[in-house]
Amino acid sequence: PDQLASSLDPTSLLSELVSPTNSWHAIAIASLATGALLLSLFTSFLNSPDDYSSAPYEPGTDSYDPIQAEEFYKSRPLMVAKRILRLASLTAVFNTGLLFDWLVLGKL
């Protein structure tokens, strides 16, 4: 119990992480934390709602006008890039599942 309590002391944990023999632990933890933070920011950016309030037509199949749509999206390249990235990430998840089924389970 005393050894466990001393090993959970924040000061000893920090000194153990930054010791020359264990410096790669700190680098690995910092790298993984940075990667997780960047992934979280990227995901929240992709899932944030887009502003379609100034769309030139009402939603629906009867009101779509390709010329107005082209003009609308031509002036919003970030919205287009965001939509492409969102669709690519969703497709990648689906395709990874198919690849898993094919390679690991042996069926498609």
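How much accessible surface does the protein have, and what share of it belongs to carbon and sulfur atoms? In this predicted model, the accessible surface of the protein comes to about 8,900 Å², and 69% of that area belongs to carbon and sulfur atoms.

**Overall architecture**

The secondary structure of the protein amounts to 5 helices and 0 strands, so that, read from the N terminus, the elements follow the order α-α-α-α-α. Of the 108 residues in the protein, 8% are buried. When contacts in the protein are restricted to residues at least 6 apart in sequence, 36% of them join residues at least 24 apart.

**Helix α5 and its buried residues**

Helix α5 covers residues 77-105, which gives it 29 residues, and the distance from its first C-alpha to its last is 41 Å, close to the 42 Å expected at 1.5 Å a residue. Just after α5, G106 adopts a positive phi of about 75 degrees. The buried residues of this helix are M79, K82 and R86, and what covers them includes α3 and α4. Two of the residues named here, K82 and R86, carry charged side chains that take part in salt bridges with D50, and they deserve a separate description.

**The salt-bridge network around D50**

Which residues are linked with D50 in a network of salt bridges? The network consists of D50, K82 and R86, and each of its two pairs can be followed from helix α5 to the loop that holds D50.

K82 is found in helix α5 and counts as buried, because its relative accessibility is 6% and the cut-off for burial is under 20%. Its side chain meets that of D50 in a salt bridge, with 2.9 Å from N to O. Because K82 lies in helix α5 and D50 in the loop between α3 (23-47) and α4 (66-74), this pair ties together parts that are 32 residues apart in sequence. Apart from its neighbours within four places in sequence, K82 is in contact with F45, L46, S48, P49 and D50. One of these contacts has a further feature, in that the charged end of K82 sits over the ring of F45, 5.3 Å from the centre of that ring.

R86, also placed in helix α5, is buried with a relative accessible area of 16%. R86 forms a salt bridge with D50 in which the closest N and O atoms are 3.7 Å apart. Since R86 lies in helix α5 and D50 in the loop between α3 and α4, the pair ties together parts that are 36 residues apart in sequence. When residues up to four places away in sequence are not counted, R86 touches L46, S48 and D50.

**All salt bridges in the model**

How many salt bridges does a search of the whole structure find? The search finds 3 salt bridges, and they are set out below.

| Pair | N to O distance |
|---|---|
| K82 and D50 | 2.9 Å |
| R86 and D50 | 3.7 Å |
| E70 and K74 | 3.7 Å |

The pair formed by E70 and K74 lies within helix α4, where the two residues are 4 residues apart and are therefore separated by about one helical turn. An α-helix has 3.6 residues a turn, so residues three or four places apart point the same way. As for their surroundings, E70 is partly exposed at 48% relative accessibility, whereas K74 is exposed, with a relative accessible area of 62%.

**The aromatic pair**

The structure holds 1 aromatic pair, which is formed by F72 and Y73 and is edge-to-face, with 4.9 Å from centre to centre and 80 degrees between the planes. The angle qualifies as edge-to-face because it lies over the cut-off of 60 degrees. F72 is buried, with a relative accessible area of 5%, while Y73 counts as partly exposed at 29% relative accessibility.

Note on methods:
Residues are numbered from 1 along each chain as its sequence is written. This is a predicted model: local features need pLDDT of at least 70, side-chain atom pairs count only at pLDDT 80 or more; totals for chains, interfaces and linings use all residues. Side-chain values use heavy atoms; hydrogens and water are left out. Buried means under 20% relative accessible area, exposed over 50%, partly exposed in between (1.4 Å probe, protein chains only). Contact means heavy atoms within 4.5 Å. A salt bridge is a side-chain nitrogen of Lys or Arg within 4 Å of a carboxyl oxygen of Asp or Glu. Rings of Phe, Tyr and Trp (its six-membered ring) pair if their centres lie within 6.5 Å; planes under 30 degrees apart count as stacked, over 60 as edge-to-face and the rest as tilted. A charge sits over a ring if NZ of Lys or CZ of Arg is within 6 Å of the ring centre and within 35 degrees of the ring normal. The expected span of a helix is 1.5 Å times one less than its number of residues. Accessible areas come from the Shrake-Rupley method with a 1.4 Å probe; for residues, only the protein chains shown count as cover.
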